[in-house]
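Hello,

Here is the structure for you to look over. My notes on it follow below.

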Amino acid sequence: MEPIALILQPVSPIGPRRPAVFLDRDGVLNENHADYVRTWEQVAILPGVFDAMQRLAASPFVVVVVTNQSAVGRGLMSAETLAAINQGIVREVQQAGGRIDAVYVCPHAPVEGCPCRKPLPGMLLQAAQDLGLDLARSYLVGDAVSDMQAALAVGSRPVLVRTGRGEKHAGQLAANGLGHLPVMADLAAAVAWILERG
């Protein structure tokens, strides 16, 4: 099983591999819903996201959304609806002066054992292959322990944000051997921290 990819940036077959900032979607870019974000009307962009995305747009990082969306695999929404939601978020970010270069989605239910479902790193590996990314110089911003584990599995640098599920998951880092990882208030703080380090 492979992730669904929406690649918005042309891929150059030559040149050095580029670093990326991977972003989880729900809880990082937009508000989480306990029963999934299943319609465009449920999409609420979090405070500070547009400013953060503007800063990323001006950076050398490739900006890639990587998101588990098992509502599709569970039969709660269609792949077409999910695609429309993702395209809407991309459009909103672009209209605000930001940039999303690609979106990778794992639509599979947990019972399917898909290698692209975080904490497994299939989406990151596929993006690296498609986009010529240097995973060792890349970051992943997420709101869950599973995001952190996916980043570490490919040698990328994870950053947890306290938005979405992040406040709860910040308390679970130490129990998972991840107490040393950086925890930021939100995407704006995470992006500022990343850009300071390059």
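Ala34 sits in the loop between strand 2 (20-23) and helix 1 (49-57); helices (H or I, at least four residues) and strands (E, at least two) are DSSP runs, numbered from the N terminus. Ala34 is exposed, at 87% relative accessible area. Exposed means over 50%, buried under 20%, partly exposed in between (1.4 Å probe, protein chains only). Pro3 is 31 residues from Ala34 along the chain, and their C-alpha atoms are 23 Å apart.

This is a predicted model: local features need pLDDT of at least 70, side-chain atom pairs count only at pLDDT 80 or more, and totals for chains, interfaces and linings use all residues. Residues are numbered from 1 along each chain as its sequence is written, and side-chain values use heavy atoms, with hydrogens and water left out.

Now the interior. The largest nonpolar core (buried Ala, Val, Leu, Ile, Met, Phe, Trp, Tyr and Cys residues joined through side-chain atoms within 4.5 Å) has 35 residues. Leu23, Leu29, Met53, Ile100, Val141 and Leu187 touch the most other members. Leu23 has contacts (heavy atoms within 4.5 Å) with residues including Leu56, Val63, Val65 and Leu187, leaving aside those up to four places away in sequence. Another core, of 27 residues, lies apart from it; Cys106, Met123 and Leu173 are among them.

Any thoughts on these would be welcome.
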